[in-house]
Amino acid sequence: MRLTPRPRLYWTLQVLGWGLWGTTGVLLVSIFGRFSWVLIVIEVIVAGAMILSSHLLRLYVRRQGWASLTLARLLPRLLLANAVTALAGTALIGLLVTGLLWLW
């Protein structure tokens, strides 16, 4: 499937943004802690889970037509949706990392 410029930009920003988040995590732990290959795997899991979570939120927002809402109606929805997305993403990360550590 060939991506048009807008979806390509969206996915580029998704991967770059969450990739930078993960890279920053690896760098900080390497500087202040102890570097390990498991850390890299965990950061990849975190980045992947957050890409999935933020993409699912985007799909939901688009399907619900939130772009046409006024700021007063949009803001409470976004606050709640972001909180739910953060909790779901954190739960997913916890499950995946627990599974990884169980195997390790």
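Here a colleague asks a modeller about the reasoning behind some descriptions of this predicted model.

Colleague: Let's begin with helix α2. How do you know that the length of α2, residues 37-64, agrees with its number of residues?

Modeller: I set the expected span against the one in the model. At 1.5 Å a residue, the 28 residues of α2 should span 40 Å, and the C-alpha atoms at its ends are 41 Å apart, so the two agree.

Colleague: What is found at the start of α2, and what follows the helix?

Modeller: At the start, Ser-36 has a side-chain oxygen within 3.2 Å of the backbone nitrogen of Val-38. A polar contact needs a pair of N or O atoms within 3.5 Å, so this pair meets the distance cut-off. After α2 comes Gly-65, with a positive phi near 70°.

Colleague: His-55 lies in α2 as well. Why is His-55 called buried?

Modeller: Buried means under 20% relative accessible area. His-55 has 16%, so it counts as buried.

Colleague: Which residues does His-55 contact, beyond its neighbours within four places in sequence?

Modeller: Those are Tyr-10, Trp-11 and Gln-14.

Colleague: And Ile-45, also in α2: why is that residue counted as buried?

Modeller: The reasoning uses the cut-off of 20% again. Ile-45 is at 18% relative accessibility, and therefore counts as buried. Leaving out residues up to four places away in sequence, Ile-45 touches Leu-96, Val-97 and Leu-100. Its C-alpha is 15 Å from that of Leu-16, with the two positions 29 residues apart in sequence numbering.

Colleague: Now to α3. How do you know that the span of α3 agrees with its 33 residues?

Modeller: At 1.5 Å a residue, those 33 residues should span 48 Å; the end C-alpha atoms of α3 lie 47 Å apart, so the values agree. Within the chain, Arg-73 and Thr-98 are 25 residues apart, and their C-alpha atoms are separated by 38 Å.

Colleague: Arg-73 is in α3. Why is Arg-73 called partly exposed?

Modeller: Partly exposed covers what lies between the buried class, under 20%, and the exposed class, over 50%. Arg-73 has a relative accessible area of 48%, so partly exposed is the right term.

Colleague: Which residues of α3 are buried, and what helps to cover them?

Modeller: They are Leu-74, Ala-81, Thr-85, Gly-89, Ile-93, Val-97 and Leu-100. The cover over these buried residues includes α2.

Colleague: Let's take Thr-85 from that list. What makes Thr-85 buried?

Modeller: Its relative accessible area is 15%, and the cut-off is under 20%, so Thr-85 is buried. A polar atom of the Thr-85 side chain lies 2.7 Å from the backbone oxygen of Ala-81. Thr-85 also touches Ser-53, Ser-54 and Leu-57, not counting residues up to four places away in sequence.

Colleague: Some of these names return in the largest pocket. Which residues line the largest pocket?

Modeller: The lining is Leu-52, Ser-53, Leu-56, Leu-57, Tyr-60, Ala-81, Val-84, Thr-85, Ala-88 and Leu-92. α2 and α3 each supply at least two residues of this lining, and about 150 Å³ of space lies in the pocket.

Colleague: How many residues of each class does that lining have?

Modeller: Eight are nonpolar, two are polar and none is charged. Tyr counts as nonpolar, so Tyr-60 falls in the nonpolar class. Ser and Thr are outside the nonpolar and charged groups, so Ser-53 and Thr-85 count as polar.

Conventions: Residues are numbered from 1 along each chain as its sequence is written. This is a predicted model: local features need pLDDT of at least 70, side-chain atom pairs count only at pLDDT 80 or more; totals for chains, interfaces and linings use all residues. Side-chain values use heavy atoms; hydrogens and water are left out. Helices (H or I, at least four residues) and strands (E, at least two) are DSSP runs, numbered from the N terminus. The expected span of a helix is 1.5 Å times one less than its number of residues. A polar contact is a pair of N or O atoms within 3.5 Å; within protein, one must be able to donate a hydrogen and the other to accept it, and residues adjacent in sequence count only if both atoms are side-chain atoms. Buried means under 20% relative accessible area, exposed over 50%, partly exposed in between (1.4 Å probe, protein chains only). Contact means heavy atoms within 4.5 Å. On a 1 Å grid over the protein atoms alone, a cavity is a set of points where a 1.4 Å probe fits but cannot get out, and a pocket is an open set with protein on both sides within 12 Å along at least five of seven lines; lining residues have an atom within 4 Å of a point. Grid points are joined across faces, edges and corners, and a volume is the space filled by probe spheres set on the points.
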